[in-house]
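Q: I'd like a close look at one part, along with whatever it leads on to. Which element gives the most to the lining of the largest cavity?

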Amino acid sequence: MKKRFVKITAGALAAAVMFGAMGIEAAASGAVSLPAGGVYLSMGKNTSLENLQTEQKNGTKIEPTLDISQLAELEAAAKEAARLEEENMLKNMVIAQVNRYVNVRSTPDENGEILGKLYDKSAGTFISEENGWYQIKSGNVTGYVKAEYCVTGDDALDLAKEVGTRIATVETTTLFVRKEATTESAVLGMVPDGDELLVLEETDGWAKVNIEEGDGWISKDYVSIVTEFVSAESREEEEARLAKEAEERRKAQEAAAKKVAQNNAANSSNNSGTSAAPSTNYTVGEGNELGVAVAQYALQFVGNPYVYGGTSLTNGADCSGFVMSVYANFGVSLPHSSGADRKQGYAVDGLENAQPGDLICYSGHVALYIGNGQIVHASSRKTGIKVSNANYKKILAIRRIF
């Protein structure tokens, strides 16, 4: 299943809160964050409360009529309003709790037409309740789900904090991840534009995230933060997704077969037999023939260096550069971005179903699965390309190319 996400953006209320004669508002972007936060005074980044001025309609300047303590109280009140708004919104969610999925039907009974599927831990918005069924809207699907397979209200509020994934997407060329939440702190690591990081904690201006070097802090000025909930998939969307994935898989298999044949021919003409054998220290698990070949090929480069932004399997690559270059050897083009890798190929449900060659996606990181619960990846400057346990940290997605 290709996951469709409900994305709840940071810093939001459905309506602005106006601060009387001063003309200051707690701005809203149309949604709320999880956890609460982001209600802000609509003034420039370099404007202090002490210097804050407003314009009258005739264009003349007036000094603020409220002192700093009053402004702080108003800001605190706005944040509390945002928290309550967020809480009400989460209570209005319907979240599936089922082994695989619950059908979304056209009517509140078992005879209703199946309009789509609400997968386990996926979410929708509550509309009404009728005879043990919830009417919901989720993604492009509006219909009824059996209430016994879902939660809403206070139960949804608690569950949402567990199943919602808070993601920060980098929006600058190179983002510094610091050891502490201050620009004076030492740099723990660097993350490129477009990468997606798992948010662990938030303050007003900083977010604690996980990268390969460990947990560190990033400035919110250079990222967009959303909370992802998987939404329902309509029958039409499922059919289109399956057809698209099958076509992409066919093209990848054809490209790989052609590339392997070319490599074999080149090796034969050079009297070099096959390409260099993979490291014998690791065992590749069973799976798709091409996926196994990808894993075996990748293991040749264990011990080679990590280089930020690099794509060389011998002279140095970063995590997505490593994955990209390994797959390029098989005629498959992948992006040089761990965030974009989360959307390649098709989804694999759980590590227990992973096969060699699958992409294992983490916060700001991507690796190749080799089987037996292990991955090969360009880890960090300190360790270079190495083999690790696949569950050494939280897995955000598993994607299969072949």
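A: That would be β15, which supplies three residues to the lining of the largest cavity, the top contribution from any element. One caution first: this is a predicted model, where local features need pLDDT of at least 70 and side-chain atom pairs count only at pLDDT 80 or more, while totals for chains, interfaces and linings use all residues. Residues are numbered from 1 along each chain as its sequence is written, and side-chain values use heavy atoms, with hydrogens and water left out.

Now for the hole itself. Searching the whole structure turns up two cavities of 30 Å³ or more, and the largest has a volume of about 150 Å³. Sixteen is the number to keep in mind for its lining: of those 16 residues, Met190, Asp195, Tyr306, Cys319 and Gly364 sit closest to the centre. Two elements, β15 (187-192) and α5, each give two or more residues to that lining. A cavity here is a set of points on a 1 Å grid over the protein atoms alone where a 1.4 Å probe fits but cannot get out, and lining residues have an atom within 4 Å of a point. Points are joined across faces, edges and corners, and the volume is the space filled by probe spheres set on them. Helices (H or I, at least four residues) and strands (E, at least two) are DSSP runs, numbered from the N terminus.

Follow α5 away from the cavity and you land on a sheet. Six strands make up this open sheet, ordered β23-β28-β24-β25-β26-β27, with antiparallel pairing. At the edges are β23 (346-347) and β27 (384-389); each has a single partner strand, so one side of each is left without a neighbour in the sheet. For β23, β28 (residues 397-400) pairs with it over two bridges, in the antiparallel sense; two strands pair if DSSP finds at least two bridges between them. Across that pairing, Ala347 stands opposite Arg399 of β28.

Two helices go with the sheet. Helix α4 (residues 289-299) packs on it and touches β25 (365-371), β26 (374-380) and β27, its direction making about 110 degrees with that of β25. Helix α5 (residues 319-328) lies across β24 (359-362), β25, β26 and β27, at about 50 degrees to β25. Contact means heavy atoms within 4.5 Å; the axes are lines fitted to C-alpha atoms, for helices over the stretch in contact, and the angles run from 0 to 180 degrees between N-to-C directions.

Stay with α4 for a moment, since there's some nice detail. It is mostly covered, with eight of its eleven residues buried: Leu290, Gly291, Val292, Val294, Ala295, Tyr297, Ala298 and Leu299. Buried means under 20% relative accessible area, exposed over 50%, and partly exposed in between (1.4 Å probe, protein chains only). At the start of α4, a side-chain oxygen from Asn288 comes to within 2.8 Å of the backbone nitrogen of Leu290.

Back on the sheet, check the turn from β25 into β26. Asn372 is in the loop between these strands, and its phi is positive, about 55 degrees, although it isn't a glycine. Most residues other than glycine have a negative phi. At 54% relative accessibility, Asn372 counts as exposed.

A similar backbone detail shows up elsewhere. In the hairpin of β9 and β10, with two residues between the strands, Asn131 takes a positive phi near 50 degrees. Five bridges join β9 to β10 (residues 133-138), running antiparallel, and Ser128 has Gln135 in β10 as its bridge partner. Lys121, in the loop between β8 (114-119) and β9, is another non-glycine with a positive phi, about 70 degrees.

For a buried charged side chain, look at Glu233 in β20 (residues 233-234): its relative accessibility is 4%, so it counts as buried. Its side chain makes a polar contact with that of Arg241 at 2.6 Å (N or O atoms within 3.5 Å, one able to donate a hydrogen and the other to accept it; residues adjacent in sequence count only if both atoms are side-chain atoms).

To set all this in context, the protein has six helices and 28 strands, and 43% of its 402 residues count as buried.

How values were computed
1 Å grid on protein atoms, 1.4 Å probe; cavity = no way out; pocket = protein on both sides within 12 Å on 5 of 7 lines; lining within 4 Å.
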